[in-house]
Amino acid sequence: SPSPAKEDSSLGRDSGLFGNSRTNKKRLAWATVGSELTGYGAARRASRALADDRSRKVFLQLPEEEEAGEDEEEGGGEEEESTAAWSGKVSPRFAGKLSPLGEGSKKLPQALIIGVKKGGTRALLEFLRVHPDIRAVGAEPHFFDRNYDHGLDWYRDLMPKTLEGQITMEKTPSYFVTREAPARISAMSRDTKLIVVVRDPVTRAISDYTQTLSKKPDIPSFESLTFKNRTTGLIDTSWSAIQIGIYAKHLDNWLQYFPMEQILFVSGERLISDPAGELGRVQDFLGLKRIITDKHFYFNQTKGFPCLKKAEGSSKPHCLGKTKGRTHPNIDPEVVQRLRDFYRPFNMKFYQMTGRFFGWNN
Ligand SMILES: Nc1ncnc2c1ncn2[C@@H]1O[C@H](COP(=O)(O)OS(=O)(=O)O)[C@@H](OP(=O)(O)O)[C@H]1O
């Protein structure tokens with residue numbers, strides 16, 4: 001039977017996952033637009049690096065890259081568009097897209113993407129931003145975990161201005177595993193809509209590990225981090241890469257504060273194989289007209305993922321950056337199997353709780 005999740009285990013430990021082959025990069029026969037997009041966005045990234053640096057040091061005092069970088073290069077998002085509107089108080093990294101005349105007012109978010117780390121949260125937010133009734137912060141504010149002491153006025157100030165009927169959103173994937181987050185979000189508004197992108201916990205763990213490995217090439221192997229004791233096969237559930245994937249346990253904590261109807265679970269796998277289908281569910285959940293459809297996506301063969309034909313506020317095709325869709329290292333198949341066995345009962349519980357079968361553990 002699986003080891004119980006440790007209640008006191010630290011999520012702060014470095015996480016990481018593997019990634020065997022790029023199984024998630026399905027070679028779908030999609031229409032290809034601008035088939036090779038290599039180099040797209042390079043200038044934008046360069047200016048963003050500067051803005052990111054400024055925002056980290058001056059405005060948010062985020063830790064330096066290895067701790068702050070869950071989302072890395074996509075984190076900033078919209079600097080170019082919003083620099084002109086930079087008030088000096090809110091970093092361009094955080095400013096969402098403004099309406100052309102700067103009208104409207106800043107509001108606390110009515111909907112949040114709360115997780116999971118490496119689930120596909122950036123893809124979901126980027127796709128949602130295409131909707132005219134959604135305005136979102138580009139970077140991860142980490143308000144309900146790291147920055148709560150700044151207060152709600154600080155948080156609101158990070159938000160883009162919105163008009164009547166528009167929804168303000170942000171995404172911070174660590175909220176899902178933050179013990180205090182449900183109570184804090186409920187204190188902001190009990191009506192907040194919550195979205196969780198979930199992905200096969202084993203692949204998620206490997207993706208997480210791959211991210212850490214990209215910054216710290218000297219870390220131990222995925223296989224050795226997985227076990228407390230390799231001989232007995234005891235899994236180290238205090239390793240955040242493993243811990244995050246025990247979705248049923250984390251969800252229990254949210255259900256103390258929010259009813260199930262207020263939480264939408266998006267399949268990270270289907271977000272890749274059928275982005276328009278998942279986006280349809282999300283738009284319904286948010287009470288929005290289904291404006292984002294199949295027509296907005298194409299499958300980029302080079303990237304190996306769906307991309308937008310036109311990004312928000314642009315006429316050019318847009319794929320996520322190179323930190324999204326990394327090649328995962330090969331992991332010992334026995335270790336992968338051991339992890340599948342470990343997660344199976346938690347996954348079953350999660351399917352039961354959510355009423356959706358996600359098709360992991362095949
Ligand atoms: N359209 C598209 N393009 C690129 N990547 C996509 C896309 N849709 C989903 N994904 C998957 O998103 C994974 C990264 O998840 P997150 O954005 O949640 O990561 S993070 O927690 O914000 O760092 C990332 O994980 P890795 O493949 O392990 O890098 C992708 O598999």
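Q: How many aromatic pairs does a search of the whole structure find?
A: The search finds 24 aromatic pairs, where two rings of Phe, Tyr or Trp (its six-membered ring) pair if their centres lie within 6.5 Å, and where planes under 30 degrees apart count as stacked, over 60 as edge-to-face and the rest as tilted. This is a predicted model, in which local features need pLDDT of at least 70 and side-chain atom pairs count only at pLDDT 80 or more, while totals for chains, interfaces and linings use all residues. Residues are numbered from 1 along each chain as its sequence is written, and side-chain values use heavy atoms, with hydrogens and water left out.

Q: Why is the pair of Phe176 and Trp254 called stacked?
A: The ring centres are 6.5 Å apart and the planes stand at 10 degrees, so the pair falls under the 30 degrees that stacking requires.

Q: What makes this pair a tie between parts of the chain?
A: Phe176 lies in the loop between β5 (167–171) and α6 (181–188) and Trp254 in helix α10, so the pair ties together parts that are 78 residues apart in sequence. The names come from DSSP runs, numbered from the N terminus, with helices (H or I) of at least four residues and strands (E) of at least two.

Q: Are Phe176 and Trp254 buried or exposed?
A: Buried means under 20% relative accessible area, exposed over 50%, and partly exposed in between, for a 1.4 Å probe and protein chains only. Phe176 has 2% and therefore counts as buried, and Trp254, with 0%, is buried as well.

Q: Why is the pair of Tyr247 and Phe350 called tilted?
A: The centres of these rings are 5.4 Å apart and the planes are at 55 degrees, a value that is neither under 30 nor over 60, so the pair is tilted. Tyr247 lies in helix α10 and Phe350 in helix α13, so the pair ties together parts that are 103 residues apart in sequence. Both Tyr247 and Phe350 are buried, and ring pairs link these two with Phe265, Tyr351, Phe357, Phe358 and Trp360 into a cluster.

Q: At what angle do helices α10 and α13 pack?
A: Helix α10 (residues 247–255) and helix α13 (residues 333–354) pack at about 35 degrees, with their axes 8 Å apart. The axes are lines fitted to C-alpha atoms, for helices over the stretch in contact, and the angle runs from 0 to 180 degrees between N-to-C directions. With contact meaning heavy atoms within 4.5 Å, the residues involved are Tyr247, Ala248, Leu251, Asp252 and Leu255 of α10 and Phe346, Lys349, Phe350, Met353 and Thr354 of α13.

Q: How do you know that helix α12 is largely enclosed?
A: Of the 11 residues of α12 (residues 275–285), 8 are buried, so the helix is largely enclosed by the rest of the structure. The elements that cover these buried residues include α4, β6 (193–198), β9 (263–267), α11 (268–273), β10 (297–300) and β11. Helix α10 is mostly covered too, with 7 of its 9 residues buried.

Q: What makes Lys193 a charge over a ring?
A: The definition asks that NZ of Lys or CZ of Arg be within 6 Å of the ring centre and within 35 degrees of the ring normal. Lys193 lies over the face of Phe285, at 5.6 Å from the ring centre.

Q: Why does Lys310 count as exposed and Arg129 as buried?
A: Lys310, in the loop between β11 (305–308) and α13, has a relative accessible area of 53% and is therefore exposed. Arg129, in the loop between α4 (121–128) and β3 (134–136), has 1% and is therefore buried.

Q: What is notable in the backbone at Lys118, and where does the peptide bond take the cis form?
A: Most residues other than glycine have a negative phi, and most peptide bonds are trans. Phi of Lys118 is near 65 degrees, a positive value in a residue other than glycine, and the residue is buried, with a relative accessible area of 11%. The cis peptide bond runs from Gly115 to Val116, with omega near -10 degrees. His142 also has a positive phi, near 50 degrees, and at 1% relative accessibility it counts as buried.
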